[in-house]
Amino acid sequence: MPLELSTNVRVLILTLYGGVGVDLNEGSADTTAELAGEVDYTQDGETVSLGEARVTITEDAVGQGIPVRAFAGVQINIFPVKLYGHLNAGTNSSFGGHVGVRLVL
């Protein structure tokens with residue numbers, strides 16, 4: 001669950017924002033993915049079955065502490081369309097960002 005403190009400045013159609021946040025990251029997850037199927041080889045129009053292949057991936061994860069992060073972004077407001085870009089940088093060496101379009105009705 002994220003907790004954030006942020007502020008912004010808006011001048012005409014441009015909004016700049018920034019802040020800090022903490023992610024209460026004490027959850028856990030278990031994931032298993034499996035892919036199976038026939039493997040065929042085709043040469044000169046002739047197909048030969050090589051058999052069957054199966055791949056299984058299992059991953060377990062546990063939330064680690066409460067990382068602090070800073071974020072900043074810019075938004076262009078052309079009513080009702082909002083174009084934005086957002087960046088995050090965390091104390092746990094995480095970094096991320098996204099861009100998007102929002103439509104306000």
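In the predicted model, the side chain of Arg69 forms a polar contact with the side chain of Asp23 at 2.9 Å. Arg69 belongs to strand S5, which spans residues 68–78. With a relative accessible area of 12%, the residue is buried, because this value falls under the 20% limit for that class. When residues up to four places away in sequence are not counted, Arg69 touches Pro2, Glu4, Gly19, Val20, Gly21, Asp23, Asn88, Ala89 and Gly90. Asp23 thus appears both as the partner in the polar contact and among the residues touched. Gly21, also among the residues touched, has Arg69 as its bridge partner in S5.

A second buried polar residue of S5 is Gln75. Its relative accessibility is 13%, and its side chain takes part in two polar contacts. One joins it to the side chain of Asn77 at 2.6 Å, and another joins it to the side chain of Arg102 at 3.2 Å. Leaving aside neighbours within four places in sequence, Gln75 is in contact with Ile13, Leu14, Thr15, Lys82, Leu83, Tyr84 and Arg102. Arg102 is therefore a contact of Gln75 under the 4.5 Å heavy-atom criterion as well as a polar partner of its side chain.

The strand that carries both residues is part of an open sheet of five strands, ordered S1-S2-S5-S6-S7 and paired in the antiparallel sense. Strand S1 (2–11) and S7 occupy the edges; each has a single partner strand, so one side of each is left without a neighbour in the sheet. On average, neighbouring strands of this sheet are turned by 15° against each other, direction ignored. Strands of a sheet pair through backbone hydrogen bonds, in either a parallel or an antiparallel manner.

Within this sheet, strand S2 (residues 14–23) pairs with S5 over nine bridges, again in the antiparallel sense. On the side of S1, ten bridges join S1 to S2, and these two strands run antiparallel. Arg10 has Thr15 as its bridge partner in S2, and Thr15 is also one of the residues in contact with Gln75. S1 is hardly covered, since the count of buried residues among its ten residues is zero. The hairpin of S1 and S2 has two residues between the strands, and in this hairpin Leu12 adopts a positive phi near 55°.

Further backbone features are found in the loops. Asp44 has a positive phi of about 55° although it is not a glycine. This residue is placed in the loop between strand S3 (28–43) and strand S4 (46–62). Its relative accessibility of 77% makes Asp44 exposed, because the value is over 50%. Ser93, likewise not a glycine, has a positive phi of about 70°. The position of Ser93 is in the loop between S6 and strand S7 (95–103), and at 71% relative accessibility the residue counts as exposed.

A cis peptide bond links Phe79 to Pro80, with omega near 0°. Pro80 is located in the loop between S5 and strand S6 (81–90). The buried residues Arg69 and Gln75 each have contacts with residues of S6, including Asn88 for Arg69 and Tyr84 for Gln75.

Conventions: Residues are numbered from 1 along each chain as its sequence is written. This is a predicted model: local features need pLDDT of at least 70, side-chain atom pairs count only at pLDDT 80 or more; totals for chains, interfaces and linings use all residues. Side-chain values use heavy atoms; hydrogens and water are left out. Helices (H or I, at least four residues) and strands (E, at least two) are DSSP runs, numbered from the N terminus. Buried means under 20% relative accessible area, exposed over 50%, partly exposed in between (1.4 Å probe, protein chains only). A polar contact is a pair of N or O atoms within 3.5 Å; within protein, one must be able to donate a hydrogen and the other to accept it, and residues adjacent in sequence count only if both atoms are side-chain atoms. Two strands pair if DSSP finds at least two bridges between them. Axes are lines fitted to C-alpha atoms, for helices over the stretch in contact, and angles run from 0 to 180 degrees between N-to-C directions.
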